[in-house]
Amino acid sequence: MAIGLCKLNGNQRKSLRSIFCVLNIIEVLIGATITGVSIYVCVAISPTIISEKAEINLIFIVYAIFGINIMINWLIGLKICNKCINQAHKKSTNNLLLLWYCAGTNTVITLIIIANFSTKANKHIAKSMKNSIQGDMKLYFSDPESKETIDRIQYGFECCGYESYKDWYDVEWLNSDIINTKASLVQEIRFGSEKLNLPIVPFSCCKIDYPLQCLHDPLQQVEFTNVWVDKPNTVTDSLNTIGCVEKMKIPLEQFVDGFVMVVSAVTFLHVIIIALSRFLYTSARNAILLFDPEGVAPGWIFGRGDCGYARGKTLTELMGITSKILEKRIVNQKRKGKSRSKGITSETSMEFDFYGQTASSKTVF
């Protein structure tokens, strides 16, 4: 019994070959896109996310490697496509096709695993970003490198804090070495008596395009101190209020989500390509075995002659061809004097083992 049995003539096989080639080219383009985008992330995006650059580079380098694997695998598929039509009667074509299926399926399965891993890794990177930014915020005045890192991130992503600008109010980045804690203004604006929490943020939190003065430090902008109490919205209007982790993880989430969608597309196309290649190969092979390379022949996903399977109807039974018609075809081929007729006849007898039958044409067909 053949699975997915259909009968194709020569023109239909040529059309199927064209579709098969187009789908392979699409897979190659997808692989090139994955590689190109991954390289772009490593070169352009990763350096801006200073805190987790190494982890991000690792993930997208793996993406790039498998993007190259996709390109190579489906470029080979274009070559296999021609063999399915022109050399379908050879055992080497069947073996190469099975090897190609295994290689492609292995690539797809690995991509699915990587996509699942990337989703989880992305969440880990977001948490790691938060911890890194929070740590640098605490060292903002005591460590020049931490200050440079925070300012570069907040300027570059137009953000403030790790979750919001109010993180600066909670993190203990100011101390008595910098601020006179006994000053009346400090006592007035601080949030509590236990910790030195003040409504102050670095200048790098200011909006670049804000038309008025940025209100970020009531201790330095004494003349506007009442604004922090009377018009708090005016203060927030001059600041970037969104946290840096939220801004930094957006491009990574977009790339990872896009990669998951691409993997889904690759998987879907891979299944279709396997099915089409099976129809193309088995129909072309059966047409040669029926001594009618351009005529109608059955094709299937799995059937008699595949992997030693020898049950079900023979080709002649499927096509309703008698032994006399088959013998007439052989005679006609010899009369036409085709240069390959002798080679096809001898090679065809080698393929009889696919059907678990003897080399007698009457029995085989």
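Trainee: Which residue meets the side chain of Lys130 in a salt bridge?

Mentor: This is a predicted model, in which local features need pLDDT of at least 70, side-chain atom pairs count only at pLDDT 80 or more, and totals for chains, interfaces and linings use all residues. Residues are numbered from 1 along each chain as its sequence is written, and side-chain values use heavy atoms, with hydrogens and water left out. In a salt bridge (a side-chain nitrogen of Lys or Arg within 4 Å of a carboxyl oxygen of Asp or Glu), N to O at 3.1 Å, the partner of Lys130 is Glu163.

Trainee: How many residues apart in sequence are the parts that Lys130 and Glu163 tie together?

Mentor: Lys130 belongs to helix H3 (helices are DSSP runs of H or I, at least four residues, numbered from the N terminus). Glu163 is in the loop between helix H4 (144–157) and helix H5 (167–170), so the pair ties together parts whose separation in sequence is 33 residues.

Trainee: Which residues does Lys249 join into one network?

Mentor: Lys249 forms a salt bridge with Glu246, with the closest N and O atoms 3.7 Å apart. Lys249 also forms a salt bridge with Glu253, at 3.9 Å between the closest N and O atoms. Through these shared partners, one network is formed by Glu246, Lys249 and Glu253.

Trainee: What is the relative accessibility of Glu253?

Mentor: Glu253 stands 4 residues from Lys249 in helix H9, about one helical turn. Glu253 counts as partly exposed (between buried, under 20% relative accessible area, and exposed, over 50%, with a 1.4 Å probe and protein chains only), because its relative accessibility is 29%.

Notes:
Helix = DSSP H or I, 4+ residues; strand = E, 2+ residues; numbered from the N terminus.
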